[in-house]
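User: I should like a close look at a single part of this structure. Please explain, step by step, how that part is put together and how it sits in the rest of the chain.

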Amino acid sequence: MVYGAEVASWKNPGTLAISALTERPNSMRAHQDAASFFANLGQFEDSVKILNKIEERWPSTGAYAQYLMLKCFDGNTAIPQDTDLLQRFKQGSFDRGTLTAMTDVYTQKKQGNCQYLSWEKYLEYTEALFNNPAFGSQIDDFLILQAYTYTALKQPVKAAVALDRLPNEASSVDFLLYKANFFAVAKNIDKSLEIIDFIKSRFGNSIKYQLTSKKMVDSMEEMLKLHKSKQHNNWASFF
């Protein structure tokens, strides 16, 4: 049976990953899972070897993003040339592991790792992925990574503007709340309140909104209005 060994070893993720790779040598996903397993163990050389096989057989954005992530832990990890990385991120095929790997790179940089990679270069890579048509369903996620990156660079206005590149009409409630929050951090309370008004007018009659988002939106609106009132009072007292 094709999945026999996997079913028998489901309690052991390592055995599961290896058995899947053995039984399904033509599966890209099995290779990805095995590469992730070895990376989690700190066996970076083994992980790179499997990524190299993925790259040979199924060139995609995922392996390149994972190379970047592994180099955060092992400086000896070889990564493609910058021009090759940018071209792959701009034009490569969709890979489920790309966003995960780029998020991991952000997390590691935030913790002081990935010294080889500047925040500015990280922004270039996420911008390339944002512009890649294959990732149309994840452009909001890459914009969020850009916003967090600008925050790490202490540029709150650019962080908010990054999220504003996705029109409100094309945004989910969760993304709009991110946007409202980032504009508040950038001290543009009026813009934040405009976004809250849009959320309420666009989604207010939805049952899902009523059950999952209304309380959070109302709470944010109350907080923003209170903050705006304090700003107004402080400004009036100046005169």
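Analyst: In this predicted model, helix α11 (residues 173–185) and helix α12 (residues 189–203) have axes that come within 7 Å and cross at roughly 165°. Angles over 145 degrees count as roughly antiparallel, and α11 and α12 are therefore roughly antiparallel to each other. On the side of α11, the contact is made by V173, L176, L177, K179, A180, F183 and A184. The residues of α12 that take part are I189, K191, S192, I195, I196, F198, I199 and F203. The crossing in which α11 passes α12 is left-handed.

Two residues of α11 in this contact, A180 and F183, also help to describe the surroundings of A160. That residue is found in helix α10 (residues 156–163). Is A160 buried or exposed? Buried means under 20% relative accessible area; A160 has a relative accessible area of 1%, so it is buried. Leaving aside residues up to four places away in sequence, A160 touches F182, F183 and A186. F183 thus appears twice: it is one of the residues of α11 in the contact with α12, and it is touched by A160. As for A180, its C-alpha atom is separated from that of A160 by 8.3 Å, although the two residues are 20 residues apart along the chain.

The setting of this part can now be described. The chain contains 14 helices and 0 strands. Of its 239 residues, 44% are buried. Among contacts between residues at least 6 apart in sequence, 53% join residues at least 24 apart. The accessible surface comes to about 13,500 Å², and 54% of it belongs to carbon and sulfur atoms.

Another helix, α6 (residues 82–91), offers a further example of burial. Its buried residues are L85, L86, R88 and F89. They cover an arc of only 165° around the axis, which puts them on the same side of α6. On the other side of α6, T83 and Q91 are exposed. The cover over the buried residues of α6 includes α4 (44–57), α5 (61–73), α7 (96–110) and α8 (119–130).

To return to the part under study, α11 and α12 are roughly antiparallel, and A160 of helix α10 touches F183, a residue of α11 that takes part in the contact with α12.

Conventions: Residues numbered from 1 in each chain as written. Predicted model: local features only at pLDDT ≥ 70, side-chain atom pairs only at ≥ 80, totals over all residues. Heavy atoms only, no water. Helix = DSSP H or I, 4+ residues; strand = E, 2+ residues; numbered from the N terminus. Buried < 20%, exposed > 50% of the residue type's maximum accessible area, 1.4 Å probe, protein only. Contact = heavy atoms within 4.5 Å. Areas by Shrake-Rupley, 256 points an atom, 1.4 Å probe, with all protein chains shown as cover. Arc of directions from axis to C-beta. Axes fitted to C-alpha atoms, helices over the stretch in contact; angles between N-to-C directions. Parallel < 35°, antiparallel > 145°, perpendicular 65-115°, else oblique. Left-handed = near helix turned anticlockwise from the far one by under 90°.
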